[in-house]
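Colleague: I'm new to this structure and would love a close look at one part of it. Could you walk me through the sheet and the nonpolar residues packed with it?

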Amino acid sequence: MGPNKRLLVLITVSITLFGVGSSNANYQKGSQNWRFDFNYTGEPFRHPKPIQSSRRIIVGGSNNWRFGYNYTEWAMKNAPFFFNDTLVFKFDPPSDTNIHPHSVYLLPNLWSFLRCDLRWAKRVANTSHGGGEGFEFVLNKWKPYYFACGESNGFHCQSGMKFFVMPTFRWY
């Protein structure tokens, strides 16, 4: 394995560990707030919270999918993401007043994501899919998902219209 592949594997493993490690909502509050829910009472075990169904998450919140917004920061603030959560990309379709439309690409790996290299990316939503209720993408596999806008030959991606998520298991 060459030095470039080793570096890529190291970066991928580091990002995966960061995503999984930061999925504990109480992580920054310190270990005294971690609940392991050991049951020494002899009563039937009950979770403190009921199992939630999947979420429908608008990418960018009220800002939607637009140029000039920091989606990496948005993804970090809205983490963790779980299996079967639905990401909704809302953006205006092309028109006389919207001459810089957006799209959604799924990049194949971290290297493509970091470089905004769209050569092997898959377009999952074209410029007209974001109108109305938006384009929905379900996180249905345990893998990193790298999203980017592919318009203007990758300029939108290079300007911050990209983010990644690593869905985790819902433990409660």
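Modeller: Happy to; here is a walk from the strands of one sheet to the nonpolar cores. Please keep in mind that this is a predicted model.

Let's start with the sheet. It is open and made of three strands, in the order S1-S2-S5, with mixed pairing. Strand S1 (56–58) and strand S5 (135–138) are the edge strands: each has a single partner strand, so one side of each has no neighbour in the sheet. On average, neighbouring strands here are turned by 25 degrees against each other, direction ignored.

Now look at one pair of strands. As background, strands of a sheet pair through backbone hydrogen bonds, either parallel or antiparallel. Strand S2 (residues 86–89) pairs with S5 in the antiparallel sense, over four bridges. You can find Thr 86 opposite Val 138 in S5.

From there we come to the largest nonpolar core, which has 24 residues. The members touching the most other members are Trp 65, Leu 87, Phe 89, Phe 137, Phe 147 and Phe 163. Several elements supply at least two residues each to this core, among them S2, S5, strand S3 (104–107) and helix H2 (71–78). H2 gives the largest share, three residues.

Phe 137 is a nice residue to zoom in on. Leaving aside residues up to four places away in sequence, Phe 137 touches Asp 85, Thr 86, Leu 87, Phe 89, Leu 106, Val 124, Tyr 145 and Phe 147.

Finally, there is a second, separate core of 10 residues, including Leu 107, Phe 113, Ala 121 and Cys 157.

Note on methods. Residues are numbered from 1 along each chain as its sequence is written. This is a predicted model: local features need pLDDT of at least 70, side-chain atom pairs count only at pLDDT 80 or more; totals for chains, interfaces and linings use all residues. Side-chain values use heavy atoms; hydrogens and water are left out. Two strands pair if DSSP finds at least two bridges between them. Axes are lines fitted to C-alpha atoms, for helices over the stretch in contact, and angles run from 0 to 180 degrees between N-to-C directions. A nonpolar core is a set of buried Ala, Val, Leu, Ile, Met, Phe, Trp, Tyr and Cys residues joined through side-chain atoms within 4.5 Å. Buried means under 20% relative accessible area, exposed over 50%, partly exposed in between (1.4 Å probe, protein chains only). Contact means heavy atoms within 4.5 Å.
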